[in-house]
Amino acid sequence: MLSINNIEVVYDRVILVLKGVSIEVREGSITTLLGANGAGKTTTLKAISGVLRSERGEVTKGTVQLANRRIDGMRAHEVTRLGLVQVFEGRRVFEHLTAEENLVAGAHKHRDRTRLRDGIDRAYAAFPRLKERRHQQSGYLSGGEQQMLVIGRALMSEPKVILLDEPSLGLAPLIVEEIFSVIRKLKDEQKLTVVLVEQNATLALAIADHGYVMESGRIVLEGPAEALR
């Protein structure tokens, strides 16, 4: 489903951040990227999703392919239309919009009102708490509810691949367990392909099928999640 082949990423034309990173992601699987802060995990996600351009970064070597179609060099909205969406670290909601209005924003590539309603219903089915909070301004939601909202908003574009950046960050253990349970359920029931960036290796490897360990912009270890665990 997703293939990253020996990519290098440079910021501001001089700062080399990724150094020959190669990753294979099977369709309908959860693949996790592990490593300390600054290892290059988030940059890898941004190289895949096309966000690098907005941060003066670029893939200078190698290729990124989605379902055998080359996507490195594409703009982020073009990549989203092909079925790949990124959920950023830090629960970036539109604070002055309600929870449901945030979900509507996630369906920007659809014009069909029926598909929009169906998408909202699916988000509420995955995260029932969002339905209870649908008329509340998202800036007043709890951290866990905001994390559910940004994942639900990403699902509104009906992605084949979802990139999740540190979804457990700053959340209570019970909320993290609930969110990770939903991620696993989406993978099992909807065959969603997931790339999960996490510092909590134990947590990530508990739901992942395969894992990669990054250090200083390189892949230093990879294997089945069970073996890495």
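In this predicted model, helix α6, formed by residues 143-155, lies across strands β6 and β7 and runs at about 170° to β6. The two strands that α6 crosses belong to an open sheet of six strands, in which the order is β6-β7-β8-β3-β9-β10 and the pairing is mixed. Its edges are formed by β6 (84-87) and β10 (218-224), each of which pairs on one side only, and neighbouring strands of the sheet are turned against each other by 15° on average, with direction ignored.

Within this sheet, strand β3, comprising residues 30-34, and strand β9, comprising residues 210-215, pair in the parallel sense over four bridges, and Thr 31 stands opposite His 210 in β9. Helix α1 (residues 41-49) also packs on the sheet, where it touches β3, β6, β7 (161-165), β8 (193-198) and β9, while its direction makes about 150° with that of β7.

Turning to the interior, the largest nonpolar core has 40 residues, of which Ile 162, Leu 164, Ile 179, Ile 183 and Val 194 touch the most other members. Helix α7, spanning residues 173-190, gives the most to this core, with seven residues. The surroundings of Ile 162 can be followed in detail: leaving aside residues up to four places away in sequence, Ile 162 touches Val 85 and Val 87, Ala 154 and Leu 155, and also Leu 192, Thr 193, Val 194 and Val 195. Apart from the largest core lies another, made up of 27 residues, among them Leu 18, Val 21, Ile 23 and Leu 33.

Note on methods
Residues numbered from 1 in each chain as written. Predicted model: local features only at pLDDT ≥ 70, side-chain atom pairs only at ≥ 80, totals over all residues. Heavy atoms only, no water. Pairing = 2+ DSSP bridges. Axes fitted to C-alpha atoms, helices over the stretch in contact; angles between N-to-C directions. Contact = heavy atoms within 4.5 Å. Core = buried A, V, L, I, M, F, W, Y, C linked by side-chain atoms within 4.5 Å. Buried < 20%, exposed > 50% of the residue type's maximum accessible area, 1.4 Å probe, protein only.
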